[in-house]
Amino acid sequence: MTEPQDDSAPEAPQGHQTRTGRTATGARKAAAKNARSRAREFALQALYQHVVSGNDAAAIDVFTRDLSGFHKADAVHYDALLHGCIAEAGQMDALMEPLLDRTMERISPIEHVILWIGIYEMRHCPDVPWRVVLNECIELAKEFGGTDGHKYVNGILNGLSPQLRATEVEADRGKKKPPSA
């Protein structure tokens, strides 16, 4: 005689919230990502290659487009991020420099590139709300950056958002939260 099997999922420990669609680090699983999120990931990889190796953008672009899963990314957004960030790197570094607590050379290349992506999107992608830009960059930092890199990215982009998206940030922050019961 066989015993009945319990197919239910194990219960989470008291006070622990389970997160669907997330990895153990809290980053989103690949299946939970939309085409723009994937474009940001591929742009991050390409920009990292540019920063670390100094390779030409065109060569990096060809290599990146050949990577597994690229067909699921928003290629137009990827193009804008890759070529826009490289073209405006100096301007974006100048914007973030006053908010840094260290020299530009001491910032992790991953976090540096994520900051470029966030700044570029805040400047050139008004269809993406500033809070979405901030969240997407935090997610990138959680998945690809150092242990607390997401906190650093959050601090810098949050500090720049009133300058880059003044009207939107002011309107968003001006909304009053309803009193909690």
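User: Accessible areas come from the Shrake-Rupley method with a 1.4 Å probe, and for residues only the protein chains shown count as cover. How much area does the protein chain expose?

Analyst: The protein chain exposes about 10,900 Å², and carbon and sulfur atoms supply 52% of that. This is a predicted model, in which local features need pLDDT of at least 70 and side-chain atom pairs count only at pLDDT 80 or more, while totals for chains, interfaces and linings use all residues. Residues are numbered from 1 along each chain as its sequence is written, and side-chain values use heavy atoms, with hydrogens and water left out.

User: What's the secondary structure, helices and strands?

Analyst: The protein chain has eight helices and zero strands, so the order from the N terminus is α-α-α-α-α-α-α-α (DSSP runs numbered from the N terminus: H or I of at least four residues for helices, E of at least two for strands).

User: How much of it is buried?

Analyst: Of the 181 residues in the protein chain, 39% are buried (under 20% relative accessible area; exposed is over 50%, partly exposed in between, with a 1.4 Å probe and protein chains only).

User: And what share of the contacts is long-range, 24 or more positions apart?

Analyst: Among contacts in the protein chain with a separation of 6 or more, 67% join residues 24 or more positions apart. Contact means heavy atoms within 4.5 Å.

User: Arg-40 next. Buried or exposed?

Analyst: Arg-40, in helix H1, counts as buried because its relative accessibility is 3%.

User: What does its side chain make a polar contact with?

Analyst: The side chain of Arg-40 makes a polar contact with the side chain of Glu-121, at 3.0 Å. A polar contact is a pair of N or O atoms within 3.5 Å; within protein, one must be able to donate a hydrogen and the other to accept it, and residues adjacent in sequence count only if both atoms are side-chain atoms. Beyond four places in sequence, Arg-40 also touches residues including His-77, Leu-81, Ile-117 and Val-128.

User: Glu-121 sits in H5, right? How do H3 and H5 cross, at what angle?

Analyst: Glu-121 is in H5. The axes of H3 and H5 (residues 109–124) come within 10 Å and cross at roughly 110°; axes are lines fitted to C-alpha atoms, for helices over the stretch in contact, and angles run from 0 to 180 degrees between N-to-C directions. H3 and H5 are therefore roughly perpendicular (65 to 115 degrees; under 35 is roughly parallel, over 145 roughly antiparallel, the rest oblique).

User: Which residues meet there?

Analyst: From H3, His-77, Ala-80, Leu-81, Gly-84 and Cys-85 meet Trp-116, Ile-117, Tyr-120 and Glu-121 of H5.

User: Switching to H2. Which residues are buried?

Analyst: Ala-57, Ile-60, Asp-61 and Thr-64 are buried in H2 (residues 57–65). Down the axis of H2 they fall within an arc of 105°, so they line one face of the helix; the arc is that of the directions from the helix axis to the C-beta atoms. These buried residues pack against H1 and helix H3 (75–87).

User: And Arg-165, where does it lie?

Analyst: Arg-165 lies in the loop between helix H7 (149–164) and helix H8 (166–174), and it counts as buried at 8% relative accessibility. A polar atom of its side chain lies 2.7 Å from the backbone oxygen of Cys-125. Arg-165 also touches residues including Glu-121, Met-122 and Trp-130.
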